[in-house]
Amino acid sequence: RLGHVQDAWLEELSHFCATNKFDDVLTLGANRREDGYSEKGKVLAGPWLDWMTKYKHSYGYTSIITAFESDGYHQGWHRDTPDNNESPDHQVTLMVYLTHVRESNGATQFRRLKSKDEVCVEGPPGTVVGFISSRVEHQGLANRESNPRSLLYVAFDEDD
């Protein structure tokens, strides 16, 4: 967990999503959807652009990932690389919770590669979680609650 964004930023994000059509929509299994923004979503990465540039990473894309009520479907363990294979490039992902995120409503679960220990990062709206998504195994858990769980997903790709 990296911290928390202010309520005013969350309101700006909500306004942006309400007034900008998504570039693409991807279904991530039966009860999960990713609504993506390519270049126009860069404005949503604003708070972190300078910071990530210091670490030689550039804006990749943003999306809103929503988990709908499910009777037990987990996304499945994966890394954000082509075909889940090793890649020489690293992708850093920041997730900003738009709703309360709990294990019971579809939190992202992370698994350590060597020990296989698993951990969920729960938090209120505005919580910011960061991880190297090309290296860390993770999965979206099933949302067993009636309300959708949503988060902003901002990806930064390693510069060559």
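Ala, Val, Leu, Ile, Met, Phe, Trp, Tyr, Cys and Pro are counted as nonpolar, Asp, Glu, Lys and Arg as charged, and the others, Gly among them, as polar. The structure is a predicted model, in which local features need pLDDT of at least 70 and side-chain atom pairs count only at pLDDT 80 or more, while totals for chains, interfaces and linings use all residues. Residues are numbered from 1 along each chain as its sequence is written, and side-chain values use heavy atoms, with hydrogens and water left out.

The second largest pocket (an open set of points on a 1 Å grid over the protein atoms alone, where a 1.4 Å probe fits, with protein on both sides within 12 Å along at least five of seven lines) has a volume, taken as the space filled by probe spheres set on the points, of about 160 Å³. Its lining, made up of residues with an atom within 4 Å of a point, comprises Phe110, Arg111, Arg112, Leu113, Val119, Arg135, Val136 and Glu137, and these divide into four nonpolar, no polar and four charged residues.

Three strands (DSSP runs of E, at least two residues) form an open antiparallel sheet in the order S7-S6-S9, where pairing requires at least two DSSP bridges between two strands. Strand S7 (118-120) and strand S9 (137-140) stand at the edges with a single partner strand each, so one side of each is left without a neighbour in the sheet. Strand S6, residues 108-111, pairs with S7 in the antiparallel sense over three bridges, and Phe110 stands opposite Val119 in S7.

Key. Helices (H or I, at least four residues) and strands (E, at least two) are DSSP runs, numbered from the N terminus.
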